[in-house]
Amino acid sequence: MKHDHVWSRSAGFTLLEAMLATLLMMTVLGALGTMTTQWLRNWNRGFARIQRVDLWATGLDSLIADLAAAEVVSTGGEKDMPVFDGAEQAVTFIRTSLGPNASTGLEVVRIADASDDRGPALVRWTAPFVPNTAIPTQSDFANPIVMIRAPYPISFSYAGSDHVWRETWRGKAQLPRTIRVEVRDGAGTLAVSTSTFIRAELPARCATATTTLDECSGIRAPANADGPGTPTGVDRPPGP
């Protein structure tokens with residue numbers, strides 16, 4: 001009987017042992033919760049970064065395709081210059097209308113820096129093209145679409161047949177042959193630099209059967225049409 005009494009006193013857990021086991025389990029669960037929280041925070045941060053890069057890459061592809069589709073179209077008048085206004089932070093040009101409900105006509109496209117409630121962004125606006133009228137002003141454009149959002153500022157540069165890069169392209173008798181797009185990070189360091197050729201080689205009016213070859217070539221300037229005083233550069237677009 002005595003032996004059985006001793007065995008029963010040593011069997012099971014005491015209240016202190018149970019409390020210590022519970023405390024240990026809570027410590028382990030707390031450590032696991034902290035590790036999981038940190039892992040999820042890092043995972044969410046990495047996922048958000050990947051998502052931003054993916055959206056940025058998609059926007060850059062759309063931007064390049066948009067610029068490459070610029071067409072040689074003039075508003076008429078004495079100079080009969082093609083509609084194209086290129087600056088370092090903005091570019092305006094004419095291309096075929098886009099969208100499922102768009103007609104087969106032309107539209108004026110303006111791509112420039114802007115800001116909204118989410119901060120700076122590169123925005124695309126459009127306006128209908130009306131022959132024999134002035135180039136639309138900023139207030140005439142509508143349908144804003146954000147193409148690329150900060151912290152990836154965009155800058156443009158332009159090169160003609162002389163392969164010299166310029167920060168502006170205005171009032172010239174031909175479109176730039178190549179447009180370069182530079183993307184910089186938040187610190188201003190160059191992250192990506194790419195360029196695209198303008199596919200248009202002749203004015204849109206040359207598609208009509210009544211237009212002569214002389215009329216088509218009259219809008220295009222020779223390779224040295226920029227004249228003296230053109231700024232020089234070391235970067236050249238690809239191609240011949």
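1. A word on naming before we look around: helices (H or I, at least four residues) and strands (E, at least two) are DSSP runs, numbered from the N terminus. Residues are numbered from 1 along each chain as its sequence is written, and side-chain values use heavy atoms, with hydrogens and water left out. Please keep in mind that this is a predicted model, in which local features need pLDDT of at least 70 and side-chain atom pairs count only at pLDDT 80 or more, while totals for chains, interfaces and linings use all residues.

2. A good place to start is the largest nonpolar core, which has 24 residues. Such a core is a set of buried Ala, Val, Leu, Ile, Met, Phe, Trp, Tyr and Cys residues joined through side-chain atoms within 4.5 Å; buried means under 20% relative accessible area, exposed over 50%, and partly exposed in between (1.4 Å probe, protein chains only). Leu63, Ile111 and Phe156 have the most contacts inside this core. Two or more residues come from each of several elements, including helix H2 (15–68), strand E3 (106–116) and strand E6 (154–159). H2 gives the most, with 5 residues.

3. What does leucine 63 touch, leaving aside its neighbours within four places in sequence? Leucine 63 is in contact (heavy atoms within 4.5 Å) with Ile111, Leu122, Met147, Ile154, Phe156 and Val181. Apart from the largest core lies another, of 12 residues, among them Val73, Ala112, Ala127 and Phe141.

4. Now for two backbone points. Most residues other than glycine have a negative phi. Asparagine 143, in strand E5, has a positive phi near 55° and is exposed, with a relative accessible area of 54%. Histidine 163, in the loop between E6 and strand E7 (165–166), also has a positive phi, of about 65°, but histidine 163 is buried, at 14% relative accessible area.

5. The structure holds 1 aromatic pair: phenylalanine 84 and tyrosine 158, edge-to-face, at 5.9 Å centre to centre and 85° between the planes. Rings of Phe, Tyr and Trp (its six-membered ring) pair if their centres lie within 6.5 Å; planes under 30 degrees apart count as stacked, over 60 as edge-to-face and the rest as tilted. The pair links distant parts of the chain, 74 residues apart, in strands E1 and E6. Both partners are buried.

6. Finally, two charges sit over rings (NZ of Lys or CZ of Arg within 6 Å of the ring centre and within 35 degrees of the ring normal). Lysine 172 lies over the face of tryptophan 169, at 5.1 Å from the ring centre, and arginine 180 over that of tryptophan 165, at 4.4 Å.
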